[in-house]
Amino acid sequence: MKYNPSWDLLHRFSETHSRERIPEKHKELYDKMKTISDGEYFPAIKEDLGAFLKFLCLLKKPKKIFEFGSGYGQSAFWYLLATDSSHTADSTSSIEKIYLTEIKERLWEYYDSLPWPDEWQKKIYYYKGDAFKAIDVLKVEEIDLVFMDGQKARYLDFFKKIESKLNKDAIIIVDNIFWKGNILKNLNNNSSFNNEEINEEIKIKEMSYPSVKGIESFYNYITNSSWYSIFFPYYDGVLLLYK
Ligand SMILES: C[S@@+](CC[C@H](N)C(=O)[O-])C[C@H]1O[C@@H](n2cnc3c(N)ncnc32)[C@H](O)[C@@H]1O
């Protein structure tokens with residue numbers, strides 16, 4: 001029997017599960033972020049991916065995190081939840097610095113207006129400008145965890161730029177890797193798949209061509225590299241990379 005679940009319902013279930021586990025003391029900050037994303041239709045990460053980032057931070061214990069495309073800091077909220085004393089034996093956290101980058105001026109004000117706890121704010125460096133420039137200007141190095149969520153057309157360029165700034169056991173998390181089904185184009189000559197079925201699944205065509213091309217070239221680079229990659233089917237797909 002074919003297993004045919006309602007993915008939408010299951011996603012909503014896992015989002016709710018994670019949302020309900022946000023500690024009371026951080027609810028005000030979370031609610032303010034939610035009001036911004038709802039009001040702006042801003043594509044901030046959802047609770048299930050957020051909770052996954054938190055989980056990775058607990059597991060990996062990164063010292064330095066770099067983010068390509070941060071909006072007003074919604075993903076940072078989840079890394080920082082991992083620093084909560086209830087999760088750490090000695091109430092200190094591994095995270096020393098989180099480099100956030102955001103190119104859109106409109107979002108800077110939102111970040112500035114949020115009630116970040118002091119101990120969290122000390123760990124955040126919010127760069128108001130281009131992530132590529134931030135790497136040079138801030139002399140970024142020894143990064144343990146990277147989250148890529150900026151312009152899809154520039155994923156490969158960004159990855160090549162950050163690659164030399166990583167610690168040797170760094171992990172990379174890449175959002176929107178499915179890009180509304182377009183990743184399936186890469187299967188067109190794979191005999192295990194039916195081409196018609198694949199083409200039906202591909203939703204975005206010329207309209208977002210640079211993004212489609214960007215994801216495609218990034219995917220090709222990774223699959224031909226020594227990076228170990230695994231896909232998580234959260235909404236628009238998350239790719240995890242480890243060497
Ligand atoms: C999907 S949103 C990020 C969401 C964010 N990670 C969160 O969870 O709230 C992508 C953001 O990347 C920003 N962006 C795109 N290219 C950028 C660049 N070169 N440098 C910095 N930010 C960039 C966009 O302005 C946009 O706000």
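The residues of the shell around the ligand divide into 7 nonpolar, 8 polar and 4 charged, where Ala, Val, Leu, Ile, Met, Phe, Trp, Tyr, Cys and Pro count as nonpolar, Asp, Glu, Lys and Arg as charged, and the others, Gly among them, as polar. The model described here is predicted, so local features are reported for pLDDT of at least 70 and side-chain atom pairs for pLDDT 80 or more, while totals for chains, interfaces and linings use all residues. Residue numbers start from 1 along each chain as its sequence is written.

In total, 19 residues surround the ligand, and the closest are A44, G69, G71, Q74 and A131; a residue is near a molecule if its C-beta atom, placed from the backbone, lies within 6 Å of it. At least two residues of this shell come from each of α4 (74-81), β2 and α7 (131-137). Helices (H or I, at least four residues) and strands (E, at least two) are DSSP runs, numbered from the N terminus.

Turning to the sheet, 7 strands form an open arrangement in the order β3-β2-β1-β4-β5-β7-β6, with mixed pairing. Its edges are β3 (124-128) and β6 (228-232), each of which pairs on one side only. On average, neighbouring strands are turned by 15 degrees against each other, direction ignored. Pairing requires that DSSP finds at least two bridges between two strands. Axes are lines fitted to C-alpha atoms, for helices over the stretch in contact, and angles run from 0 to 180 degrees between N-to-C directions.

Strand β1 (residues 64-68) has 5 of its 5 residues buried, so it is largely enclosed by the rest of the structure. Here a residue is buried if 20 or more other C-beta atoms lie within 10 Å of its own, exposed if 12 or fewer, and partly exposed in between, with C-beta atoms placed from the backbone. In a regular strand the side chains alternate between the two faces of the sheet. Both faces of β1 are covered, with K64, F66 and F68 buried on one side and I65 and E67 buried on the other. With strand β2 (residues 97-102), β1 pairs in the parallel sense over 3 bridges; K64 stands opposite K97 and F66 opposite Y99. With strand β4 (residues 143-148), the parallel pairing of β1 extends over 4 bridges, and here I65 stands opposite L145, while F66 faces V146.

Strand β2 is likewise largely enclosed by the rest of the structure, because 5 of its 6 residues are buried. Its partner β3 runs parallel to it and is joined to it by 5 bridges, with Y99 opposite Y125. L100, which lies in β2, is buried, with 25 other C-beta atoms within 10 Å. Not counting residues up to four places away in sequence, L100 touches E67, S70, G73, A76, I124, Y125, Y126 and Y127; contact means that two C-beta atoms, placed from the backbone, lie within 7 Å. L100 and A131 are 31 residues apart in sequence, yet their C-alpha atoms are 8.3 Å apart in space. A131 is also one of the closest residues to the ligand.

On the other side of β1, β4 and β5 (166-175) pair in the parallel sense over 5 bridges, and the bridge partner of L145 in β5 is I171. Of the 10 residues of β5, 7 are buried, so β5 is largely enclosed by the rest of the structure. K168, found in this strand, is nevertheless exposed, with 7 other C-beta atoms within 10 Å. The C-alpha atoms of K168 and Y209 are separated by 34 Å, and these residues are 41 apart along the chain.

Two helices pack against this part of the sheet. Helix α3 (residues 47-60) lies across β4, β5 and β7 (238-242), running at about 170 degrees to β4. Helix α8 (residues 155-163) touches β1, β4 and β5, and its direction makes about 175 degrees with that of β4.

Finally, the largest nonpolar core has 56 residues, and those with the most contacts inside it are Y79 and V146. Such a core is a set of buried Ala, Val, Leu, Ile, Met, Phe, Trp, Tyr and Cys residues joined through C-beta atoms within 7 Å. Leaving aside neighbours within four places in sequence, Y79 is in contact with L53, K54, C57, I65, I95 and I98. In soluble globular proteins, nonpolar side chains tend to be buried together.
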